[in-house]
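User: I should like to understand how the terms used for a protein structure are justified. Please take me through the reasoning step by step.

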Amino acid sequence: IKVLSFNVAGIPLVHKQWGARRAEIARRLKDSPYDLVGLQEMWPDQDAMALWRESGYPFYARYPSLGGTGLMILSRYPISEIKERPFSCFPPGAWSVYQGETISTKGVLLARVRLPAVELDVYDTHLVADYPTNDYSSVRTAQVFELAETVAGYSAGRPFVVLGDLNTGPGDLEYAFVRDLLGVSDSC
């Protein structure tokens, strides 16, 4: 299977030319080779449904975004189960509005996908970002533990893949925690 993870930066009025970008994302996904797509920051429900319809993917997993995680999974294979877990750990209450973390809930979305030979648990996640004035690595680390707890709870003994915007990368402690706790390798 081929997978794609993509933060679409889909907040109207904040992200420039969102309507045109959404249409272009859908157009490119329509003819793409990807079987599974994990999207992050897919906020307005009407935009999410338009992108899904225009992309040509027959199946999707999503919970309503108002107060939700903004996560969405597109699939060329049937989805038998959907679960979402908002993270309980988030930055302190003195958030700055410009950071965007005040209007979003970070979390993880699971879609149990029926492939021809096996069911695959597909996770899409979005962890908190750092900002020039705030380092949220400790919060992100706690979110990594919640992600690992979620995967261990739902997918013990099952094949799974984790997609998402981790806001971390090779060389970061949180990145090492993701790999160690989940026992996974980075396909990139």
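Analyst: Let us begin with strand β2. The model is predicted, and in it seven of the seven residues of β2 (residues 36-42) are buried, so this strand is largely enclosed by the rest of the structure.

User: What makes β1 and β2 a pair of strands?

Analyst: Two strands pair if at least two bridges are found between them. β1 and β2 have six bridges, in the parallel sense, so the criterion of at least two is met. One example is Phe 6, whose bridge partner in β2 is Leu 39. Between these strands the chain passes through helix α1 (residues 18-30), in a β-α-β crossover that is right-handed.

User: How do you know that β2 also pairs with strand β4?

Analyst: β2 and β4 (residues 72-75) share four bridges, here in the antiparallel sense. The requirement is at least two, so they count as paired. Gly 38 stands opposite Ile 73 in β4.

User: Why is the contact between Arg 22 and Glu 54 called a salt bridge?

Analyst: The closest N and O atoms of Arg 22 and Glu 54 are 2.9 Å apart. The cut-off is 4 Å, so the contact qualifies. Arg 22 lies in helix α1 and Glu 54 in helix α2 (residues 45-55), so the pair ties together parts that are 32 residues apart in sequence.

User: Why is Arg 22 called buried, while Glu 54 is called partly exposed?

Analyst: Buried means under 20% relative accessible area, and exposed means over 50%. Arg 22 has 13%, so it counts as buried. Glu 54 has 36%, so it counts as partly exposed.

User: What makes Asp 121 and Arg 158 a salt bridge, and which of the terms buried or partly exposed applies to Asp 121 and to Arg 158?

Analyst: The closest N and O atoms of Asp 121 and Arg 158 are 3.2 Å apart, and the limit is 4 Å, so the pair is accepted. Asp 121 is buried, because its relative accessible area is 0%. Arg 158, at 25%, is therefore partly exposed.

User: Which residues line the largest pocket nearest its centre, and what classes make up the lining?

Analyst: Of the 21 lining residues, Val 162, Leu 163, Asp 186, Ser 187 and Cys 188 lie nearest the centre. The lining has 12 nonpolar, six polar and three charged residues. β8 gives the largest share, six residues. The space in this pocket is about 570 Å³.

How values were computed:
Residues numbered from 1 in each chain as written. Predicted model: local features only at pLDDT ≥ 70, side-chain atom pairs only at ≥ 80, totals over all residues. Heavy atoms only, no water. 1 Å grid on protein atoms, 1.4 Å probe; cavity = no way out; pocket = protein on both sides within 12 Å on 5 of 7 lines; lining within 4 Å. Points joined across faces, edges and corners; volume = space filled by probe spheres on them. Helix = DSSP H or I, 4+ residues; strand = E, 2+ residues; numbered from the N terminus. Nonpolar A, V, L, I, M, F, W, Y, C, P; charged D, E, K, R; others polar. Buried < 20%, exposed > 50% of the residue type's maximum accessible area, 1.4 Å probe, protein only. Right-handed = clockwise from strand over helix to strand, strands pointing away. Salt bridge = Lys/Arg side-chain N within 4 Å of Asp/Glu carboxyl O.
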